[in-house]
Amino acid sequence: MRIVLLLTFLLVSTPFFSQTEDEKQIKAIYDEALTNGKAYDWLNYLSNQIGGRLSGSVQAQHAVEYTKEQLDSLGLDKVWLQPVMVPKWVRGVPEFAYFETKPGLTTNVPICALGGSVSTPAGGLKASVVEVKGIEDLEKLGRDKIAGKIVFYNRPMDPTLINTFSAYSGCVDQRYSGAAEAGKYGAVGVIVRSMNLRLDDYPHTGSMGYGETPVNQRIPAAAISTNGAELLSTTLKLNPDAKFYFKQNCKQLDDVQSYNVIGEITGSTYPNEIMVVGGHLDSWDLGDGSHDDGAGCVQSMDVLRLLKETGYKPKRTLRVVLFMNEENGMRGGNKYAEVARNKNEEHVFALESDSGGFTPRGFSIDASAENVKQIQGWRDLFEPYLIHMFYEGGSGADIGPLKEEGMVLAGLRPDTQRYFDHHHAENDTFEHVNKRELELGAATMASLVYLIDKYGTIPTKKIKG
Ligand SMILES: [Zn+2]
């Protein structure tokens, strides 16, 4: 024990102990991010000067112009806009809802339309309610108990799951497909418990789809706050005949022209090998999209700046891509991959940040076992920055379409405990992003990009199909 202590003391105190080149470079990246980072200022502008950036909105267009201008100012080799047509869904005037326990005795509850939903009739919609815990309950109840009613999906996120994204995955089907499924049984509308672990008064929007449902059979869908869901559920137990009223006048308009914003440092040695870092520039409209995903955009932008400022010249081409329309269409991610394939571009690595601007913990890696192992081998370099998670898993929605045999994809994994307090809600705003946490995320991403660029990825045999 004493010998170990002595050795440890010598290691940390000896003046002869020298940092490796990698340790020095990574330290320089973190130092630059924490003393001179630009991510927070960019986020401030995106959030407070532009605001929520729903696809097809004026704000989304302003965000395209602003981020392009900022990338232009960084002295990159190339900055351009990649055209992509995006859906345009508008919320209209704020939604309104209450439940009625006796004629005239009503209690208001906070709701918001789900993205992509149809409106209610102009005067709103009032019906009895049937509460379920998920889509699988519909079949058990059958058409008799559902037809003519509003289906209330009230499965909460599982609080025992430490990774809150797993809890989200366990519930989000009721939001995405709840209306299409309930419609098959004759329901007239659906109300979905917000994807939020906390009890509060914010309804959380998010995308939903009608699948094959004919246009004239689509029923409106709204999210209710978690407090509202608890209150409605208790009320229904005491008074199963209570009625629910809601009114929303959202609308799907024609597709409009938009853009992915791309900046590039061309590789000095292997310009044809492309590495991507990115996030999505669009957001929902209730808050200003600071965590989802303003944070990922500004971190990705800062990755290129951090490498430049610390004097590192990538051997491979490094691109920042700010994808448009992740939230309600994925058009930007699909377009980027489509163009890359048409141009026969070789992407070797892609890294996405779309899990909020919270304290970074590490990365999930979608790659061959050898590549996962290589990245895990760099763990010690990250340890001083409290980055410790390097596990095999998914990467991100926008870079997913790029996936090909042999490629390395990764997602930045910040702490997830508070993310769903804000996700897709009115309180996803700038003041909930901590400057240092945001900057640490950018530095963590830049450090991984540096290591991947320096050592390369391990080629995997391409299986010719
Ligand atoms: Zn997102």
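In this predicted model, the side chains of E100 and K126 meet in a salt bridge, with a nitrogen-to-oxygen distance of 3.0 Å. The two partners come from distant parts of the chain, since E100 belongs to strand 2 (residues 96–102) and K126 to strand 5 (residues 125–132), 26 residues apart. E100 counts as buried because its relative accessible area is 13%, under the 20% that sets the limit for that class, whereas K126, at 41%, is partly exposed. The whole structure holds 28 salt bridges, and the points below take up some of them before turning to the zinc ion.

**Other salt bridges**

- E264 and R319 are joined through their side chains in a salt bridge of 2.9 Å, taken from N to O. Because E264 lies in strand 10 (residues 251–265) and R319 in strand 12 (residues 316–323), this pair ties together parts of the chain that are 55 residues apart in sequence. E264 and R319 are both buried.
- K335 forms a salt bridge with E338, and the closest N and O atoms of this pair are 3.6 Å apart. Both residues lie within helix 10 (residues 331–342), where a spacing of three residues corresponds to about one turn of the helix.
- K335 counts as partly exposed because its relative accessibility is 24%, and E338 is likewise partly exposed, with a relative accessible area of 42%.
- A network is also present, in which E21, D22 and K454 are joined by salt bridges that share partners.

**The zinc ion**

- The protein donors of the zinc ion are NE2 of H280, an OD atom of D292 and two OD entries from D354, and they lie 1.8 to 2.8 Å from the ion.
- The arrangement of the four donor atoms is irregular because the angles they subtend around the zinc ion run from 50 to 145°, whereas a tetrahedral assignment would need all angles to lie between 85 and 135 degrees.
- Along the sequence, the donor residues follow the spacing H-x11-D-x61-D. Within this set, H280 in strand 11 (residues 270–280) and D292 in helix 9 (residues 290–309) link distant parts of the chain, 12 residues apart.
- H280 and D292 are both buried.

Notes
Residues are numbered from 1 along each chain as its sequence is written. This is a predicted model: local features need pLDDT of at least 70, side-chain atom pairs count only at pLDDT 80 or more; totals for chains, interfaces and linings use all residues. Side-chain values use heavy atoms; hydrogens and water are left out. Donors are N, O and S atoms within 2.8 Å of the metal (3.2 Å for Na, K and Ca); water is not among the atoms, so sites may look incomplete. Four donors count as tetrahedral if all angles lie between 85 and 135 degrees; four count as square planar and six as octahedral if opposite donors are over 155 degrees apart and all others between 65 and 115; anything else is irregular. Helices (H or I, at least four residues) and strands (E, at least two) are DSSP runs, numbered from the N terminus. Buried means under 20% relative accessible area, exposed over 50%, partly exposed in between (1.4 Å probe, protein chains only). A salt bridge is a side-chain nitrogen of Lys or Arg within 4 Å of a carboxyl oxygen of Asp or Glu.
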